[in-house]
Amino acid sequence: EDWFHYMNENPNYYSWIAYERELPDVAVGIVNVEEYKPLVGAISVITNPVLRGKGYGAKIVKYVIQQPEIAHLKKIEAFIKPENVPSLKCFQKANFINHGLNDGLFEYVFEK
């Protein structure tokens, strides 16, 4: 409830739920982007556990970074725990560049 309220009240927070045409009743994943400083956003993605490992995460991220709501952002960052190998692979496939460790997290960046 707190997250939903925050998202609704924050004009710099965007969220999408992705569905697959062949699975219209099953959410494939959720992506959130928050513009946390001018022209820079942080992105997170959650893929449905039963659909992980099939490339959906990268497809969703590639789609979202092209959306008009965030077209003004010049840089989109993902911060990922080193042990979260599936997320690291997801953002690599989505053409994010690894900028190394930042406070114990890998920083993956997509710049427009």
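**Strand pairing, a lone salt bridge and two positive phi values**

Strands β5 (97–102) and β6 (105–111) run antiparallel and are joined by 4 bridges; here strands (E, at least two residues) and helices (H or I, at least four residues) are DSSP runs, numbered from the N terminus, and two strands count as paired if DSSP finds at least two bridges between them. The model is a predicted one, so to speak of local features takes a pLDDT of at least 70 and side-chain atom pairs count only at pLDDT 80 or more, while totals for chains, interfaces and linings use all residues. Residues are numbered from 1 along each chain as its sequence is written, and side-chain values use heavy atoms, with hydrogens and water left out.

Back to β5 and β6: the bridge partner of Ile 97 in β6 is Val 109. The two strands form a hairpin with 2 residues between them, and in that hairpin Asp 103 takes a positive phi near 55 degrees. Asp 103 is not a glycine, and its place is the loop between β5 and β6. Most residues other than glycine have a negative phi. As for solvent, Asp 103 counts as exposed because its relative accessibility is 79% (exposed means over 50% relative accessible area, buried under 20%, partly exposed in between, with a 1.4 Å probe and protein chains only).

Leu 39 also has a positive phi, near 70 degrees, in a residue other than glycine. Leu 39 sits in the loop between β2 and β3. With 37% relative accessibility, Leu 39 counts as partly exposed.

On its other pairing, β6 goes with β4, again in the antiparallel sense, over 6 bridges. Val 109 turns up here too, as the bridge partner of Glu 77 in β6. Glu 77 belongs to strand β4, which covers residues 75–80. How buried or exposed is Glu 77? Its relative accessibility is 3%, so Glu 77 counts as buried. Leaving aside residues up to four places away in sequence, Glu 77 touches Tyr 36, Val 40, Gly 41, Ala 42, Ile 43, Glu 107, Tyr 108 and Val 109, where contact means heavy atoms within 4.5 Å.

Glu 77 is also one end of a salt bridge, and its partner is Lys 75, with the closest N and O atoms 3.4 Å apart. The term stands for a side-chain nitrogen of Lys or Arg within 4 Å of a carboxyl oxygen of Asp or Glu. The structure holds 1 salt bridge. The side chains of Glu 77 and Lys 75 make a polar contact as well, at 3.4 Å. A polar contact is a pair of N or O atoms within 3.5 Å; within protein, one must be able to donate a hydrogen and the other to accept it, and residues adjacent in sequence count only if both atoms are side-chain atoms. While Glu 77 is buried, Lys 75 is partly exposed, with a relative accessible area of 25%.

Now to the N-terminal part of the sheet pairing. Strand β1 (residues 13–20) pairs with strand β2 (residues 23–37) in the antiparallel sense over 8 bridges. A hairpin with 2 residues joins β1 to β2, and Tyr 14 has Val 33 as its bridge partner in β2. Ahead of β1, Asn 10 is found in the loop that follows α1 (2–9). Asn 10 counts as buried at 15% relative accessibility, and its side chain makes a polar contact with the side chain of Tyr 6 (2.9 Å).

Tyr 19 is found in β1 and touches Pro 24, Val 26, Ala 27 and Val 28, residues up to four places away in sequence not being counted. Tyr 19 also helps to make a nonpolar surface patch of about 390 Å², together with Ile 17, Ile 30 and Ile 46. Ile 46 comes from strand β3 (residues 40–47). Patches are made of residues with over 30% relative accessible area and no salt bridge, with like charges joined within 9 Å and nonpolar side chains (Val, Leu, Ile, Met, Phe, Trp, Tyr) within 5 Å; the areas come from the Shrake-Rupley method with a 1.4 Å probe, and for residues only the protein chains shown count as cover.

The C-alpha atoms of Tyr 19 and Ile 60 are separated by 9.4 Å, though their positions lie 41 residues apart along the chain. Ile 60 is one of the buried residues of helix α2 (residues 56–64), along with Tyr 56, Gly 57, Ala 58, Val 61 and Val 64. The buried residues of α2 pack against β1, β2, β3 and α3 (85–93).
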